[in-house]
Every structure is written in structure tokens, then in C-alpha cells.
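Here is a short tour for the bench, best read with the model open beside you. We start with one helix and work inward from there.

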Amino acid sequence: MISLFGIGGIIMKFKQQTGVPFVKYLNQYRVDRAEELIRNTNLKVYEIAEKAGIQDYTYFTQVFRSIKGISPSELRRNKKSQGDCDEKMV
């Protein structure tokens with residue numbers, strides 16, 4: 001079993017090696033994965049949040065907006081409106 005001190009050491013080593021705090025890296029990874037799912041699936045946003053590893057929808061939305069500058073729902077709406085435009089151009 002890994003002690004808490006061991007986990008803290010790993011987290012500190014991660015930041016030393018990458019220059020990025022582990023939680024920031026993890027949230028970026030989760031949001032990037034969620035963005036892929038928003039763009040490429042019809043899953044509900046709360047389902048995407050869960051698949052990205054964040055169980056709390058409100059927290060997920062806050063993290064997503066802080067990283068992408070747009071909410072997951074806004075991204076979904078933009079995707080739909082762009083799709084409508086693409087279909088009209090064909």
C-alpha cells in the first residue's frame with residue numbers, strides 16, 4: 001500500500017519533471033477527452049463528465065469552462081450550428 005507521503009512525493013516529482021501540477025495536467029486531460037466526446041458523440045453532458053472521470057456535473061462544467069473558455073453545453077450548441085451550416089453548404 002502506498003502511504004500518503006509516497007503519493008505526495010510522486011506528485012511533487014511529477015511537477016518537477018513536467019513543470020505542471022498533477023491536478024492541472026489531469027483536468028486538462030479529462031477536458032480534452034470530454035471535448036472529443038462532445039464533438040463526436042450524442043452522449044448527454046453529464047454522461048460525458050462521468051466518462052471523463054468527473055462525477056460532479058457542476059464541478060465538471062466549472063473545470064471545462066476554466067480550461068476551454070466555453071461551457072460543454074455551449075460547445076455542443078456550436079457543434080450543432082456548425083453541422084447545420086455544413087449541411088446547407090453541401
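## Two helices and the core between them

In this predicted model, helix H4 has twelve residues, which should span 16 Å at 1.5 Å a residue, and its end C-alpha atoms are indeed 16 Å apart. Which residues of H4 are buried? They are Phe 60, Thr 61, Val 63 and Phe 64. Looking down the axis of H4, you will find these buried residues within an arc of 165°, so they line one face of the helix. The general rule behind such a pattern is that an α-helix has 3.6 residues a turn, so residues three or four places apart point the same way.

Both ends of H4 are worth a look. At its start, a side-chain oxygen of Asp 56 comes to within 2.9 Å of the backbone nitrogen of Thr 58. Just after H4, Gly 69 adopts a positive phi of about 75°.

Now turn to helix H2. Here is how the two helices compare with their expected spans:

| Helix | Residues | End-to-end C-alpha distance | Expected span |
|---|---|---|---|
| H2 | 19 residues | 27 Å | 27 Å |
| H4 | twelve residues | 16 Å | 16 Å |

Asn 27, Val 31, Ala 34, Glu 35, Leu 37 and Ile 38 are the buried residues of H2. Seen down the axis of H2, they fall within an arc of 165°, so they too line one face. Tyr 29 and Asn 40, on the other side of H2, are exposed.

The largest nonpolar core has 14 residues, and those touching the most other members are Val 31, Ala 34, Ile 38, Ile 48, Phe 60, Phe 64 and Leu 75. H2, H3 (45-51) and H4 are the elements that each give two or more residues to this core, and the largest share, four residues, comes from H2.

Two core members make good landmarks. Val 31, in helix H2, counts as buried because its relative accessibility is 0%. Beyond its neighbours within four places in sequence, Val 31 contacts Val 63, Phe 64, Ile 67 and Lys 68. Its C-alpha atom lies 9.6 Å from that of Thr 61, 30 residues away along the chain. Phe 60, with residues up to four places away again left out, touches Ala 34, Val 45, Ile 48, Ala 49, Ile 54 and Pro 72.

How far can you trust the picture? The mean pLDDT of the protein chain is 88, with 86% of its residues at 70 or more. Over residues 85-90, however, the pLDDT is below 50, and this stretch has zero contacts beyond near neighbours in sequence. Where pLDDT is low, the predicted coordinates should not be read in detail.

Technical notes
Residues numbered from 1 in each chain as written. Predicted model: local features only at pLDDT ≥ 70, side-chain atom pairs only at ≥ 80, totals over all residues. Heavy atoms only, no water. Expected span 1.5 Å × (residues − 1). Buried < 20%, exposed > 50% of the residue type's maximum accessible area, 1.4 Å probe, protein only. Arc of directions from axis to C-beta. pLDDT = per-residue confidence, 0-100. Contact = heavy atoms within 4.5 Å. Core = buried A, V, L, I, M, F, W, Y, C linked by side-chain atoms within 4.5 Å. Polar contact = N/O pair within 3.5 Å; in protein donor to acceptor, adjacent residues only side chain to side chain.
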